[in-house]
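Hi,

Here is the structure I promised to pass on. Have a look at it first, and then read my notes below.

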Amino acid sequence: MTGSSIDTENAAGNRRPCPSAKATRSVKVQAANGQPINPCHPARARQLKRKKRAVRVCRHPFTIRLHPECPAEALQQLYEEDKAL
């Protein structure tokens, strides 16, 4: 088949076309005053929401806002995660 630009591995279904799509998932985070801060992993956002330390602001793109009562604790968790990477 001359002139064909189809990759046989991808066409046969042996590989996923975009394996890094999951690696780019992140949740935008806002401080209590609405200023954007570092994004976090979706699991961390669920944890903050479950512990009532954050609320959902927007669905697309998913954004959470930290509560003013406990911003230091929540921010410390976010930055510890970044340092570990």
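How many disulfides does a search of the whole structure find? The count is zero. Keep in mind that this is a predicted model, so treat my notes as a description of that model. Two cysteines are worth a look anyway. C40 is buried, because its relative accessible area is 3% and the cut-off for buried is under 20%. C58 counts as partly exposed, with 31% relative accessibility.

Now for the overall layout. The chain has three helices and four strands. Starting at the N terminus, you will meet them in the order α-β-β-α-β-β-α. The chain has 85 residues, and 20% of them count as buried.

Next, find the stretch around β1 and β2. β1 covers 27–30 and β2 covers 36–40, and A32 sits in the loop between them. A32 is partly exposed, at 34% relative accessible area. Try clicking on A32 and A54 together: they are 22 residues apart in sequence, while their C-alpha atoms are 8.9 Å apart in space.

N38 belongs to strand β2. Is N38 buried, partly exposed or exposed? With a relative accessible area of 34%, N38 is partly exposed, because that value falls between the 20% limit for buried and the 50% limit for exposed. Another pair to click on is N38 and K28, which are 10 residues apart along the chain and have 7.2 Å between their C-alpha atoms.

Then move on to the loop between α2 and β3. α2 runs over 42–50, and K52 is in the loop that follows it, ahead of β3. What is unusual to look for in the backbone here? K52 has a positive phi of about 60°, although K52 is not a glycine. K52 is also exposed, because its relative accessible area is 64% and exposed means over 50%.

The following loop has a couple of things in it too. It lies between β3 (54–58) and β4 (63–66), and R59 is found there. R59 counts as exposed, at 59% relative accessibility. P61 has its place in the loop between β3 and β4 as well, but P61 counts as partly exposed, with 47% relative accessibility. Which two residues does a cis peptide bond join? They are H60 and P61, and omega is about -10° for that bond. While you have P61 selected, compare its position with S26: the two are 35 residues apart along the chain, and their C-alpha atoms are separated by 9.3 Å.

One last thing, about the surface. Which residues form a positive surface patch? They are K49, K52, R56 and R59. You have already met two of these: K52, from the loop between α2 and β3, and R59, from the loop between β3 and β4.

That's everything from me. Have fun clicking around!

Cheers

Methods
Residues are numbered from 1 along each chain as its sequence is written. This is a predicted model: local features need pLDDT of at least 70, side-chain atom pairs count only at pLDDT 80 or more; totals for chains, interfaces and linings use all residues. Side-chain values use heavy atoms; hydrogens and water are left out. Patches are made of residues with over 30% relative accessible area and no salt bridge: like charges are joined within 9 Å, nonpolar side chains (Val, Leu, Ile, Met, Phe, Trp, Tyr) within 5 Å. Accessible areas come from the Shrake-Rupley method with a 1.4 Å probe; for residues, only the protein chains shown count as cover. A salt bridge is a side-chain nitrogen of Lys or Arg within 4 Å of a carboxyl oxygen of Asp or Glu. Lys and Arg count as positive and Asp and Glu as negative; His and the chain ends are not counted. The place of a charge is taken as NZ of Lys, CZ of Arg, CG of Asp or CD of Glu. Helices (H or I, at least four residues) and strands (E, at least two) are DSSP runs, numbered from the N terminus. Buried means under 20% relative accessible area, exposed over 50%, partly exposed in between (1.4 Å probe, protein chains only). A disulfide is a pair of cysteine sulfur atoms within 2.5 Å.
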